[in-house]
Number of protein chains: 2
Amino acid sequence: VGLITTDLAERALANEPRAVARAMRLVDDRAPGSRELLRALWPHTGRAWILGVTGSPGVGKSTLCDQLIAAYRARGSRVAVVAVDPTSPYSGGAILGDRIRMSRHSTDDGVFIRSLATRGHLGGLSRSARDVVRVFDACGYGVVLVETVGVGQDELEITRTAHTNLVVVAPGMGDDVQALKAGILECADVFAVNKSDREGADAAARDLELMIALATESWRPIVAQCVATSAEGIPELVVALERHRAWAAGTDAGHARRMSRLAEEVRDALREALIEVATEELGERIEQAALEVDARLVDPYTAVDRLTREFRARSIR
Amino acid sequence: VGLITTDLAERALANEPRAVARAMRLVDDRAPGSRELLRALWPHTGRAWILGVTGSPGVGKSTLCDQLIAAYRARGSRVAVVAVDPTSPYSGGAILGDRIRMSRHSTDDGVFIRSLATRGHLGGLSRSARDVVRVFDACGYGVVLVETVGVGQDELEITRTAHTNLVVVAPGMGDDVQALKAGILECADVFAVNKSDREGADAAARDLELMIALATESWRPIVAQCVATSAEGIPELVVALERHRAWAAGTDAGHARRMSRLAEEVRDALREALIEVATEELGERIEQAALEVDARLVDPYTAVDRLTREFRARSIR
């Protein structure tokens, strides 16, 4: 494994497309060697700008990504997109529509689009996203867009990985915007009111400005209007994103936020690592505990306490 | 704490509304004494039927819940609703529209509706939902509806708590139904095609039947059409739900599924417990690790390995 991984890392770092694709797959599948690969790539990371793009289905997120790709390509950056989809063991998780809409860049070898398919493990989605972003970062993609749908907690976790978070809304989405308010406001650095040629765009922008007025963080989100299909407003949106990028990189408050997010990330990774090792080591003890709970021999709180203690007591290495 | 908790448990079990409400709050806030309370209530649980109701915003989920409440009240059960909302530290998480729509039961003291507000911790939502459901179960609510929005992984986790999962769709939701296919099919026991008086209802039902044909599990989901606003199709939907309930309770396959879900639940609770204890015991070591990763003194994978080992080595008790 070690030799193959080193070789694969070298070829991916040299930006051989097939090696990059294989590295992606290895990491997303958490195949043997994926951790070694990530360790080998790590020293080459830290240069990419990670831009989260979040919004409900139908707001035109993919078309907007398409425009952002074009804008950053025009500035000479290689651009990667990590598309995070709701998934299922059934479907394999592919919702291909959006991918196809972005395909005008499919012949551009400075653009790499990768869909994530996870296996429904809690926390697995954000870990996969983080790891895949790191591969892109190491391979010299200067801008990495992470596109997510909706407002799940796993998606909130993914937004923590990004340096800048763009939240896309569209006028007249009704309840959806309402739901957005609750879940996503806390992570938004820039709002794009897409489809601004439609009725209700000004009202949506005003609603957002009103919410922002309540924010207490040192970065005050910017609201930009645009029409992704015609590229109207895209240059202004790019300026807004750059302003946040400069804030995040160049101010004490920006640094503090980055550090607190990194600490969250370490904590998330630790949680994943703990349950992974615990599941492996405890093995059938977990099913056995479930049987005992079902037979009402023990309450679930006591059962979990026991498993926790058992796991820690096993720490020989 | 012990005395107060015992007293509260007794009063909640006697179904004093204020005690039930206080128990709810204690459990949802994870306030001191909440574990003792849950332990005290545990012997009284296991009798409720837990029905998950899942669907995108706009499909008419709350109106349907309203009809189900009426149906089960008519059969003499006390009914509780646990409404799980996307939440935020900003908003406090209240999206009140749905709650208000269910209010025709607000004067019925056999109906208790509780909105969950969590603090954005991954896994926290499903744990809160599970605990609140248990309080209702102990307090003698024969039917507990757990209403969730959308297709996040945390919501998939919540569906594992339910005995029966109803997935609500509506014709003409476009992309949303597409997304639903991917995330929720695996957990659906019964589908309700709501707003069946609208165009596209038959097509939506056919699409679902087609997907179901691919399912390999021993329970074959039932597709029911209804119009929640006029109660049309509700009796048939209730029959479908009862059929699943009987399957889950009365067959080997139903039992096996319940056991595998219970094992998942124990594993989820273990993951939560581990990271909780680890965060408490490691304290600032997590922030310190983040600083080291940021300074590029260590890669994040090694940092997490070290924290894992450190945590386990500290197991004195």
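**Exercise 1. Classify Tyr141(B) as buried or exposed, and then describe its ring pairing with Phe136(B).**

*Solution.* Tyr141(B) has a relative accessible area of 3% and is therefore buried (buried: under 20% relative accessible area; exposed: over 50%; partly exposed in between; 1.4 Å probe, protein chains only). Phe136(B), at 0%, is likewise buried. For the pairing, the rule is that rings of Phe, Tyr and Trp (its six-membered ring) pair if their centres lie within 6.5 Å; planes under 30 degrees apart count as stacked, over 60 as edge-to-face and the rest as tilted. The ring centres of Phe136(B) and Tyr141(B) are 5.3 Å apart and the planes stand at 80 degrees, so the pair is edge-to-face.

The structure is a predicted model, in which local features need pLDDT of at least 70 and side-chain atom pairs pLDDT 80 or more, whereas totals for chains, interfaces and linings use all residues. Residues are numbered from 1 along each chain as its sequence is written, chains are lettered from A and ligands numbered from 1 in the order in which they are written, and side-chain values use heavy atoms, without hydrogens and water.

**Exercise 2. State how many aromatic pairs are counted over all chains, and characterise the one formed by Phe112(A) and Tyr141(A).**

*Solution.* The count over all chains is 10 aromatic pairs. In the pair of Phe112(A) and Tyr141(A), the centres are 6.3 Å apart and the planes make 90 degrees, an edge-to-face arrangement. This pair links distant parts of the chain, 29 residues apart: Phe112(A) belongs to strand 3 (residues 111–116) of chain A, and Tyr141(A) to the loop between helix 6 (124–138) and strand 4 (143–149) of chain A (helices, H or I, of at least four residues and strands, E, of at least two are DSSP runs, numbered from the N terminus). Phe112(A) is buried at 17% relative accessibility, and Tyr141(A) is buried at 2%. Together with Phe136(A), these two residues form one aromatic cluster.

**Exercise 3. Determine how strand 4 of chain B is enclosed, and which strands pair with strand 4.**

*Solution.* Seven of the seven residues of strand 4 (residues 143–149) of chain B are buried, so the strand is largely enclosed by the rest of the structure. Val143(B), Leu145(B), Glu147(B) and Val149(B) point one way, and Val144(B), Val146(B) and Thr148(B) the other. Strands pair if DSSP finds at least two bridges between them. Strand 1 (residues 49–55) of chain B pairs with strand 4 in the parallel sense over seven bridges, with Val53(B) opposite Glu147(B). Strand 2 (residues 79–84) of chain B runs parallel to strand 4 and is joined by six bridges; Val84(B) has Thr148(B) as its bridge partner.
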